[in-house]
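Please open the structure in a viewer and keep the selection panel at hand. Each stop below gives a selection and then describes what is found there.

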Amino acid sequence: MTYDVIVVGAGPAGSIAAYDCAKQGLKTLLLEKYPLPREKPCGGAVMYRGLRLINEKTPRKLIERRIYGLRFLLPDGRGSEFVSDKLIGITVFRDRFDEFLARRASNAGAELIDNAPVVDASVSPTSAKVQLAGGREFSAKYLLGADGVNSIVSRKLGLRPKRKELNKVGLGMESDFHVGEEGVLEATGGDPSILEVCPVNGRVSYGWVFPKREHLAIGIAGAGVHMRSLRSQFDMFCKCVEKRLGISLNLEKRRAFFLGGDGLGSKNILPRAILIGDAAGFVDPLMGEGIAYAMKSGAFAASVISKAYDEDRYDEDALSEYQDLCRKEFSSNFALATLVGVRGPALAELILPKINGHKLAAKVMTMVARGDIGYADIPFVVLKKLPRELPTIIKHVVKSHLATPN
Ligand SMILES: Cc1cc2nc3c(=O)[nH]c(=O)nc-3n(C[C@H](O)[C@H](O)[C@H](O)COP(=O)(O)OP(=O)(O)OC[C@H]3O[C@@H](n4cnc5c(N)ncnc54)[C@H](O)[C@@H]3O)c2cc1C
């Protein structure tokens with residue numbers, strides 16, 4: 001069968017790309033390895049930046065919690081909390097959220113085939129081809145590799161090495177703990193609208209406690225090279241959370257998965273082919289946030305392919321705008337996140353307590369989460385707003401100084 005576009009992988013990247021391609025009138029095939037809904041190890045926090053791409057139209061039943069704030073805990077027990085009056089994200093179960101995105105693509109006209117593992121992919125001057133386990137073959141004018149961090153498309157096309165480079169990817173372990181609605185309220189001090197990010201022993205990684213309706217999503221993640229004892233670190237982290245929140249957690253299933261990395265430092269296009277989402281490596285190197293970047297890169301790829309299709313072009317130059325769009329949109333966020341990651345705990349301990357609860361900090365955090373600005377714009381926004389905010393800042397600093405015990 002011949003298509004205009006084949007998208008391999010129905011995660012957020014692939015389903016957004018397939019939706020946009022189908023909407024542009026391209027004959028689109030979306031192939032997913034597992035039967036839908038399929039599981040994906042994830043904290044399930046989708047920032048507003050990503051929701052924007054679906055016009056915020058997430059069905060209510062998929063929204064576990066609406067998120068209005070972030071709390072960063074420090075190793076010494078201090079914390080910084082930033083709360084907004086604007087929505088900054090939601091929590092979801094990834095199996096349901098991802099299935100919704102895949103069906104949305106299918107409703108827009110993409111042909112969706114699940115339970116369809118791609119085992120081979122190639123591009124030639126005349127077409128792009130994929131083969132499923134079992135031998136069935138499909139060809140298209142363009143191929144999008146959206147098959148996640150273990151992408152077979154990227155390796156078959158020679159865009160990534162056969163063995164994963166642990167210094168370029170992250171690794172995480174997580175679980176959803178059922179504690180009931182009462183338990184969620186108890187654990188969150190009655191406010192289940194805040195995402196909590198916490199330090200983990202050894203400081204090579206971070207952890208999180210994200211509220212869902214009746215569950216707490218708890219996990220840890222960090223650079224792949226530092227995560228050899230992932231399971232014991234995860235269990236220890238859960239014990240600390242139990243103690244700190246005064247709740248009891250019954251572990252049903254630990255789930256571990258790699259996180260994409262080094263997307264901007266790698267080549268993501270070939271004639272007729274583009275890698276998107278985790279397959280390309282578009283994950284925030286500090287927080288491991290990847291859903292919104294996956295969605296955005298999917299949208300970029302669809303727009304570039306649609307234009308190339310109209311111009312009847314298949315060469316790398318025609319697709320290179322994709323790299324430019326991703327670089328422009330993601331590079332400042334990733335660069336700053338890498339810098340903060342390197343300076344990590346020391347920087348956090350220095351800055352976070354000082355800006356705890358500050359209105360300007362909350363405003364900036366909201367703008368970043370909503371996608372109004374990138375990380376690199378923070379200094380400019382702060383400087384712009386500074387004159388008006390100066391009296392409150394001085395008051396805040398004096399107040400927190402007086403409150404700090406010597
Ligand atoms: C423990 C953990 C917690 C995380 N928490 C968060 C979080 O809270 N918020 C956030 O924003 N990000 C989080 N992330 C990152 C986020 O999960 C990813 O960045 C995001 O899922 C990337 O989307 P994607 O569509 O590129 O890839 P995926 O979501 O991985 O989707 C890829 C799809 O391709 C399919 N596939 C794979 N191989 C094949 C094949 N051969 N043939 C056909 N289909 C194939 C897969 O089954 C899958 O459906 C977390 C990651 C981990 C590991």
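The tour of this predicted model goes from the domains to the ligand, then to a strand and to individual residues.

**Domains.** Begin by colouring the protein by its domain assignment, which gives domain 1 (2–39 + 49–54 + 92–165 + 261–337), domain 2 (170–259) and domain 3 (343–403). Where domain 1 meets domain 3, six residues from each of the two take part in the contact. On the domain 1 side, select helix 8 (residues 316–355), which gives the most, with four residues. That side of domain 1 is made up of two nonpolar, two polar and two charged residues.

**Ligand.** Next, select the ligand and the 41 residues that surround it. The closest are Gly9, Gly11, Gly43, Gly277 and Gly290. Domain 1 and domain 2 both give residues to this shell, so the ligand lies between them. To see which elements take part, highlight helix 1 (12–23), strand 12 (170–178), strand 15 (215–223), strand 16 (255–259) and helix 7 (291–310); each of these supplies at least two residues of the shell. Coloured by residue class, the shell shows 21 nonpolar, twelve polar and eight charged residues.

**Strand 1.** Now select residues 2–8, which form strand 1. Five of its seven residues are buried, so strand 1 is largely enclosed by the rest of the structure. Add strand 11 (residues 137–145), which pairs with strand 1 in the parallel sense over six bridges; here Ile6 stands opposite Leu143. Then add strand 2 (residues 28–31), which runs parallel to strand 1 and is joined to it by four bridges. In this pair, Val5 has Thr28 as its bridge partner. Tracing the chain from strand 1 through helix 1 to strand 2 reveals a right-handed β-α-β crossover.

**Backbone details.** Move to the loop between strand 2 and strand 3 (45–47), where Pro37 is found. The peptide bond that joins Leu36 and Pro37 is cis, with omega about 0°.

Select Asn115 next, in the loop between strand 8 (111–113) and strand 9 (118–123). Although Asn115 is not a glycine, its phi is positive, at about 55°. Is Asn115 partly exposed or buried? Asn115 has 13 C-beta neighbours inside 10 Å and therefore counts as partly exposed.

Finish at Arg272, in the loop between strand 17 (269–270) and strand 18 (273–275). Arg272 is a residue other than glycine with a positive phi, near 75°. With 27 other C-beta atoms within 10 Å, Arg272 is buried.

Terms used: Residues are numbered from 1 along each chain as its sequence is written. This is a predicted model: local features need pLDDT of at least 70, side-chain atom pairs count only at pLDDT 80 or more; totals for chains, interfaces and linings use all residues. A residue is near a molecule or strand if its C-beta atom, placed from the backbone, lies within 6 Å of it. Ala, Val, Leu, Ile, Met, Phe, Trp, Tyr, Cys and Pro count as nonpolar, Asp, Glu, Lys and Arg as charged, and the others, Gly among them, as polar. Domain bounds come from an automatic or database domain assignment. Two residues are in contact if their C-beta atoms, placed from the backbone, lie within 7 Å. A residue is buried if 20 or more other C-beta atoms lie within 10 Å of its own, exposed if 12 or fewer, and partly exposed in between; C-beta atoms are placed from the backbone. Two strands pair if DSSP finds at least two bridges between them. A crossover is right-handed if, with the strands pointing away from the viewer, the path from the first strand over the helix to the second runs clockwise.
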